[in-house]
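Let's take a walk through a protein model together, one piece at a time. Keep the picture open and turn it around as you read.

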Amino acid sequence: MLFDTHAHYYDKKFDPDRDSLLSTMRENGVGYILNAGCDIETTKKSIALAEKYKFMYAAAGIHPNHTQDMNDDGYNAIRLLAKHPKVKAIGEIGLDYFYDYTDRQTQRDAFARQIDIARVLNLPFVIHCRDACKDTLDILRSEYRGGGALMHCFSESVETARIVLNMGLTIAIGGTVTFKNNVRTVEAVKFIPLENLVIETDSPYLSPVPHRGERNSSLNIHFVAEKIAQIKGVSPSLVEEITTENAKQFFGI
């Protein structure tokens, strides 16, 4: 069974067929899905989905693009939501300098504060990093004390992968590895040991080839596993076995 370590099934793009789609997962080889929160409301929705579906889990957190209005009450709300038994991580949290919806110092402060919540609750955390690699690594060097951290949708260089692995982090690869001419991610996958990898879809975003541009779902995760297998010269079943076990261990499932 495959483990989709990052999805957003509360997204309105799933409103027309959410239940019917999710009901087909296990018969299509998808055994586990983790929904990542982006703010308080989507964290609540992720928990509700996890309560409804035995194979679903949740992460509680504030995406960097939504940190501008956060205050003590908001962080306390995340802390309380993260105590739910089906919440397995804090996330997604981090930095996004591509959109810059929130000023960068506010993003950095929110990232550090949510790492602290993860530490206090003894939970791992899921990192969003877009065009902010240096600051992300600097904050991790300063704030990370172990306990588990996952680089979501990794698209950085081999050198960055080496740094991240030396910090003891896990790396998630998604549909972008299938994109034509995405040499950097392919080279990173060649370098990263399977024991340090998990896979994801980021549904409904980032659909892999041959469905690029369409709404994504966890049904497409096998394309990611197959591409990683091709890059590494191993069987898709081995990628499935190892990445699923990695994810279960990371999230404590």
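Start with a single residue, asparagine 196. Setting aside residues up to four places away in sequence, asparagine 196 touches Leu165, Leu169, Thr170, Ile171 and Asn246. Keep in mind that what you're looking at is a predicted model. Where along the chain is asparagine 196 found? It sits in the loop between α7 (183–191) and β8. Is asparagine 196 buried or exposed? Neither label fits: its relative accessible area is 25%, and partly exposed is the name for anything between the 20% limit for buried and the 50% limit for exposed. For a sense of distance, try alanine 89, which is 107 residues away from asparagine 196 along the chain. The C-alpha atoms of these two are separated by 17 Å.

Now zoom out to the sheet. It's an open one with eight strands, in the order β1-β2-β3-β4-β5-β6-β7-β8, and the pairing is parallel. At the edges you'll find β1 (2–7) and β8 (197–199); each has a single partner strand, so one side of each has no neighbour in the sheet. The strands aren't lined up perfectly, either: ignoring direction, neighbouring ones are turned by 30° against each other on average.

Let's look harder at β4. How many of the residues of β4 are buried? The count is 10 of 10, so to speak, and the strand is mostly covered. On one side, strand β4 (residues 87–96) is joined to β3 (residues 56–60) by three bridges, with the two strands running parallel. You can pick out two of the partnerships: alanine 58 with valine 87, and alanine 60 with isoleucine 90. β4 also pairs with β5, again in the parallel sense, over five bridges. There, glycine 94 stands opposite histidine 128 in β5.

Helices lie against these strands too. Helix α4 (residues 104–121) lies across β4 and β5 (125–130), and runs at about 160° to β4. Helix α5 (residues 133–143) packs on the sheet as well, touching β4 and β5, and its direction makes about 150° with that of β5.

Next up is α2, a helix of 13 residues (40–52). From first C-alpha to last it reaches 19 Å, close to the expected 18 Å. Which residues of α2 are buried? They are Thr42, Thr43, Ser46, Ile47, Leu49 and Ala50. Looking down the axis of α2, you'd see these buried residues fall within an arc of 160°, so they line one face of the helix. Here's a handy piece of background: an α-helix has 3.6 residues a turn, so residues three or four places apart point the same way. The buried residues of α2 pack against α1 (18–22), β2 (30–36), β3, α3 (72–81) and β4. On the face turned away from that buried side, you'll find the exposed residues Glu51 and Lys52. The N-terminal end of α2 has a cap, aspartate 39, with a side-chain oxygen 3.2 Å from the backbone nitrogen of glutamate 41.

Head back to the later part of the chain and find threonine 178, in the loop between β7 (170–173) and α7. Threonine 178 is buried, with a relative accessible area of 13%. Leaving out neighbours within four places in sequence, its contacts are Pro208, Val209, Phe223 and Lys227. With valine 209 there's a polar touch: a polar atom of the threonine 178 side chain lies 2.9 Å from the backbone nitrogen of valine 209.

Finally, the last stop is a pair of helices. α8 (residues 221–232) has 12 residues and reaches 17 Å, close to the 16 Å expected. Its buried residues are Ile221, Phe223, Val224, Ala225, Ile228, Ala229 and Ile231, and what covers them includes β1, β2, β7, α7, β8 and α9 (236–251). Right after α8 comes glycine 233, with a positive phi near 70°. α9 has 16 residues and reaches 22 Å, close to the expected 22 Å. Buried in α9 are Val239, Ile242, Thr243, Thr244, Asn246, Ala247, Phe250 and Phe251. Asn246 may ring a bell, as one of the residues touched by asparagine 196. Just after α9, glycine 252 takes a positive phi of about 70°.

Note on methods. Residues numbered from 1 in each chain as written. Predicted model: local features only at pLDDT ≥ 70, side-chain atom pairs only at ≥ 80, totals over all residues. Heavy atoms only, no water. Pairing = 2+ DSSP bridges. Helix = DSSP H or I, 4+ residues; strand = E, 2+ residues; numbered from the N terminus. Axes fitted to C-alpha atoms, helices over the stretch in contact; angles between N-to-C directions. Contact = heavy atoms within 4.5 Å. Expected span 1.5 Å × (residues − 1). Buried < 20%, exposed > 50% of the residue type's maximum accessible area, 1.4 Å probe, protein only. Arc of directions from axis to C-beta. Polar contact = N/O pair within 3.5 Å; in protein donor to acceptor, adjacent residues only side chain to side chain.
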